[in-house]
Number of protein chains: 2
Amino acid sequence: MKNVLLLALAILTIEFGLAQQAPVDYVNPFIGTSNYGATNPGAIAPRGMASVSPFNVAGRIDLNPLEKDSQWLSNPYVYENKFLTGFSHVNLSGVGCPDLGVIISMPTTGALKTNHLEYGSTYSNEIAKAGYYSAELTKYNIKAEATASTRVGVSRYSFPAGESNILLNLGLGLTNEQGGMLKIVSPNEVEGIRTVGSFCYNNPEAAYPVYFVAKFSEPAHEFGAWKTPYKYEGEEAQWMIYNGKTRIKEGFTREVIGDSIGAFFSYNFEQPTQVEVKIGVSYVSIENARENLEQEAGQASFDEVYKKTRDKWNEKLNRIEVEGGSEDDKIIFYTALYHTQIHPNILNDVNGEYPEVSTGKIGKTEGTRYTVFSLWDTYRNYHQLMSLVYPEEQIQMVNSMLAMYDENGWLPKWELNSTETFTMVGDPAAVVISDTYLRGLTDFDVEKAYEAMIKSATVTENNPLRPGLTEYLKNGYLSVDSGVPGPVSITLEYNISDYAIAQLAKALGKEDDYKMFSDRSLSYRNLYNPKTGFLQPKHINGEWYNPFNPEAGANFEKNVGYIEGNAWQYLFMVPHDIEGLKKLMGGAEAFDRKLDLVFDGGHYDMANEPDILYPYLYNYIEDSEYKTSAKVTELIKKYCKNSPDGLPGNDDTGTMSAWVVYSMMGFYPVIPANPIYTFTEPVFDMVKINLNTQYYKKKSIIIDFRSLNDTNPTIDFPTTLKQGFFIHHNAFLKSD
Amino acid sequence: MKNVLLLALAILTIEFGLAQQAPVDYVNPFIGTSNYGATNPGAIAPRGMASVSPFNVAGRIDLNPLEKDSQWLSNPYVYENKFLTGFSHVNLSGVGCPDLGVIISMPTTGALKTNHLEYGSTYSNEIAKAGYYSAELTKYNIKAEATASTRVGVSRYSFPAGESNILLNLGLGLTNEQGGMLKIVSPNEVEGIRTVGSFCYNNPEAAYPVYFVAKFSEPAHEFGAWKTPYKYEGEEAQWMIYNGKTRIKEGFTREVIGDSIGAFFSYNFEQPTQVEVKIGVSYVSIENARENLEQEAGQASFDEVYKKTRDKWNEKLNRIEVEGGSEDDKIIFYTALYHTQIHPNILNDVNGEYPEVSTGKIGKTEGTRYTVFSLWDTYRNYHQLMSLVYPEEQIQMVNSMLAMYDENGWLPKWELNSTETFTMVGDPAAVVISDTYLRGLTDFDVEKAYEAMIKSATVTENNPLRPGLTEYLKNGYLSVDSGVPGPVSITLEYNISDYAIAQLAKALGKEDDYKMFSDRSLSYRNLYNPKTGFLQPKHINGEWYNPFNPEAGANFEKNVGYIEGNAWQYLFMVPHDIEGLKKLMGGAEAFDRKLDLVFDGGHYDMANEPDILYPYLYNYIEDSEYKTSAKVTELIKKYCKNSPDGLPGNDDTGTMSAWVVYSMMGFYPVIPANPIYTFTEPVFDMVKINLNTQYYKKKSIIIDFRSLNDTNPTIDFPTTLKQGFFIHHNAFLKSD
């Protein structure tokens, strides 16, 4: 009954706006903006293509200790930085490499300055909510507010009386790609293109354009463009008194092209005035950017756009209702859920068009084309969460991956705006798709998906997904001689993918494949060195690689054998063969001891993916199940906070947040492509997941942990429309 | 009768093609390609917007002694250079500063190279005709041929069997502006934009785009774009292994933007194959460039385009028929006439659209919008020649100037593609327009024209045409203290403009203005120093500037007082007050003596405009008239040759060539805005000018110099439809 009341309350709060109880009010977008969480507090709609992030990572290292060009920095905003140079309109959240962070608007007052080092400002009174950000720019006495619809960033600048400017800087950006074009269409409109790409300093050949149209509610009194050319170094420099200097192109309405260009719109207000700036974006064309702008925000005011986006957020977040826990717990929880709703994001324009992968063609979707698939991260828990809470999205994500296969001939690995960044390792798409199917979301072309998986799992020539496959097939592992970095990690990843393929094969009645891929999935065992008790790098001739130091490779140091981790952090990354690993180690007790050693010896890294399943592995050791709850509770307390450093590390496009959401709810999907959850002690007394009845037979799952003192807590597992998939495995209660 | 026969013959030769007698066959486009003539041998249609010039001024200073970045170089091609890096598609001819020379195509064979220093080639067997150029590329065994319609450059590359490439380099260019965008539309089409501008290292703020569409007769087997970014110098450079390196974007069909970009189209021919490349250009938009291409050359073959352009050239050149003279004389003459038909060139697209001056708007003309008005040069003789031989064009040029006034509020000074370059000095548009009217071409809005002239002649605040006007009006001269460079030159120029305005005022019945401007036109007399016998720079307080050296400033050296010249070269630049100057000097004899001193003392500079009238001034000295013929004949012999160094210097957009055309025909317009011709001994026995009967009462002027032995040669002066304008002044016969 109380649950029903909560739901009713939630609906009421949505209806009437801003009451504290609405899930949307528990979102604190500053969480993750420090400690390399790589999130940003910008305004964004759920899975928005556009967002408006404060951009405070450029220049003035005295004010911005985390300056974008002085280090490897992945985000447009860092909480501890202080010098703001505008608001970027396409942004990535929780990624490990710099890209996007472009189309930067900035309000200023007084004489026109076009160099961000000159026009940048400190700021105060920051406010960030789901779909809203505001700050006051100290230097200018301007209040800057931002909101966004899916494809349009909307800002409201409250200017004092007098001379003011709105700058649109196409030179500045987080990406290291250069090249922009702009064209001022009228005193209140400018359109253009910005080149972005080479995510992770990879694949710069694929650098691609993002298009935009910006409209201003007030026509400018004066406008123009600027361009700062590179310094010319030939003989002719002597006659070029303007060499390398910024040119102000007043009233210029033709295309301006260059690496460092921008547009300015200047005003002279008789009284304090608000100007709304709407910037529509597209990855297809300027025309589509304009259509996106018009369709989503053409007639709407800032407040109307914000209201709609806030409602959308609340609707999204309200899929999970919680009771109990502290105020901070709720904020941590709903912010984590919020962070799972940023990537993968929508790539298609309102008219359905999107850039295809590799073909250069413009595709068209009836549904949603998603992008930003950081699959090495997200295959572990993220898509499982989406299948449960947002199945309608997960199905579209699978369909997007299959469309990429149609376009490209390969499933994605780390796809970003229809470019394959070839970042990270393994063949994770197979896992995600199998897992989705096996959880009962079968409404996609599974035969095509299977074909695509088999291709990546078997083609040994020019296979972009599985380098080193020949060795893997022959010897069961990648050797240090393979030329592929991280052969131990990759062997494990291929094993997990093969396991996933096997599970799907089984479900599809392909018994031979099931057998073959099941066998393949266990080949990691070749890398277990009983003398050291680790999975170790090996030569192609079967000899162990020397020297071996299980600690080498912590903190993202490069090392032979492992990717983003060391031997400790990969040892237990065998979710599909826990029993087998136990045996290799000499039994459950040895397994338990070694797992303890990871934590007690300080080898556990909460900030990266390979070992995030570790605390849940205790559930698989009889009589040690209690350690799961203890460890998960401890980790949440230690790493998950209602503060900018409130994520353990990079959010990894929501993977860390998915861990938080699951862990706070009290269960976790340890084994990819195996629809089994294992449990832990939850943070909340009661969790209610409102299910999408188009996919699930029941309307909700209610997990009432106030019945914890019972020996059998009442957990009412749902089933999908197609097949059951919730299987109770062990229990957190064993510790009592 | 013989003349009629000649005409008939000429028509016959046009009809039947390539007989040697056609005027078009006397064009040698290599004339002026050395000795800083600044012409190019590229293929161009009369007054073409597009042209296809071999581009041999980039890099390899061992092969290209006149390298574009190593000095002040104004042209895409220099005869003595040897290293060709492609064919540029928008080019200037006979100008004094580098600009345009962009959209560069290049055929190569073998593996793809995108750096012009690597793919450039020497060449042999150059052929250049009106509307045609070809050469064989030594490195590749490719024959490259070029022709052009008005707005489309058309090339034909004859490739050997095997791997071949067509490159379109948007980075390379003669202009010092940077920034291009390209988009491959299909395996045989690419479109794009290139930034050009800052002519004479001036006004870089106005740098503007030129648009193009390139189509290939054969679809490429492989295509793509390249981009060479600037070297990144931040911390991040360590992770950018591609830093500063060229990226090959195979199959890329989105916008590529940057300073150094290009597109490639690669083939693998089983047998020797010809590929035709059509590149349409526009200063309005890519769409217009495409329409220009389709309308002018969409369906036509290379040969058809060339045939049409050749016919157009012949029609143009056939306006003047000559008899007598040597073969070289005819080549020199028709090439000079050809060079007068390059600039001003057509700016409007086939649909009539063109970029307006300053407004940023797109204008539309029913007639022709001309551009490239190097008026400081051309007011002296060029437009007079156009009024006589091509009145239909001269009227459109005046209308173009008036349209600029409508758009910009000012008449042009040195207009280039609707940007005002503010190059050179004086107020020459007033002279050109008055002269045109007074020669009887009155079919334009003369009241508007008069208003525009008065504005530039009287407005003292923010007057871009007449800096220093306040001093000029007050003291009759610009002083060395005015802050305006070249005050003596400018005083003389303003005097000439004022004289022109006075003449027009008189014709329009504005007696007061006539009186005032007539008075103003004589104020140069303030600068005559009777002690030295020179027009000298003066202080504002009336004292002579010291030191004074009449030779300082020769050879384009900077000096106090004069622009591009010295006291000798400006002393007689008073065409409107020859009698007054005589008086100042102490009479005709002193005038004669001083004029002799110019020539005998080596002070005469045939390569620049201020003194090009000097040899004709002898006609104004009784009993010295013979010296005009002697001097002109000598100068033609010395400077005008059928060879690359066959122009005395920079062609100055046809001004030098107009001097050659007039001088070889035997008459010259000494006094701007005064429709008087003076005569000299002609090179030809007979000249027949076929007049445009829409403007002239007679069908032709026949100047039959075979009657030289008569005391009254039969020269049948034409009159326009509106009024007579040919007045016989003195005679070259006095020498006999």
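Q: What makes residues of helix 5 of chain A count as buried, and which are they?
A: In this predicted model, a residue is called buried because its relative accessible area is under 20%. In helix 5 of chain A this holds for A:K330, A:I331, A:I332, A:F333, A:Y334, A:T335, A:A336, A:L337, A:Y338 and A:H339.

Q: Why is helix 5 of chain A described as mostly covered?
A: Ten of the 13 residues of this helix are buried. The elements that cover them, with heavy atoms within 4.5 Å as the criterion for contact, include strand 1 (43-44), helix 4 (302-317), strand 18 (320-323) and helix 19 (655-665) of chain A.

Q: How do you know that the span of helix 5 of chain A agrees with what its 13 residues should give?
A: At 1.5 Å a residue, residues 327-339 should span 18 Å. The end C-alpha atoms of helix 5 are 18 Å apart, so the two values agree.

Q: What makes chains A and B related as by a two-fold rotation axis?
A: A turn of 180 degrees, with a shift of 0.1 Å along the axis, lays chain A on chain B with an RMSD of 0.1 Å. The two copies are therefore related as by a two-fold rotation axis. The same surface serves both copies, in that 100% of the contact residues of chain A recur in chain B.

Q: Which residue of chain A comes closest to the rotation axis?
A: A:G258 does, with its C-alpha at 3.0 Å.

Q: What is the strand and helix content of residues 26-282 of chain A?
A: This stretch is 41% strand and 2% helix, and its end C-alpha atoms are 31 Å apart. An unreviewed UniProt entry annotates residues 26-282 of chain A as "domain: Glycosyl hydrolase family 92 N-terminal".

Technical notes
Residues numbered from 1 in each chain as written. Chains lettered and ligands numbered in written order. Predicted model: local features only at pLDDT ≥ 70, side-chain atom pairs only at ≥ 80, totals over all residues. Heavy atoms only, no water. UniProt positions renumbered as here; feature names shortened; annotations may be inferred. Helix = DSSP H or I, 4+ residues; strand = E, 2+ residues; numbered from the N terminus. Expected span 1.5 Å × (residues − 1). Buried < 20%, exposed > 50% of the residue type's maximum accessible area, 1.4 Å probe, protein only. Least-squares fit on C-alpha atoms with pLDDT ≥ 70 in both.
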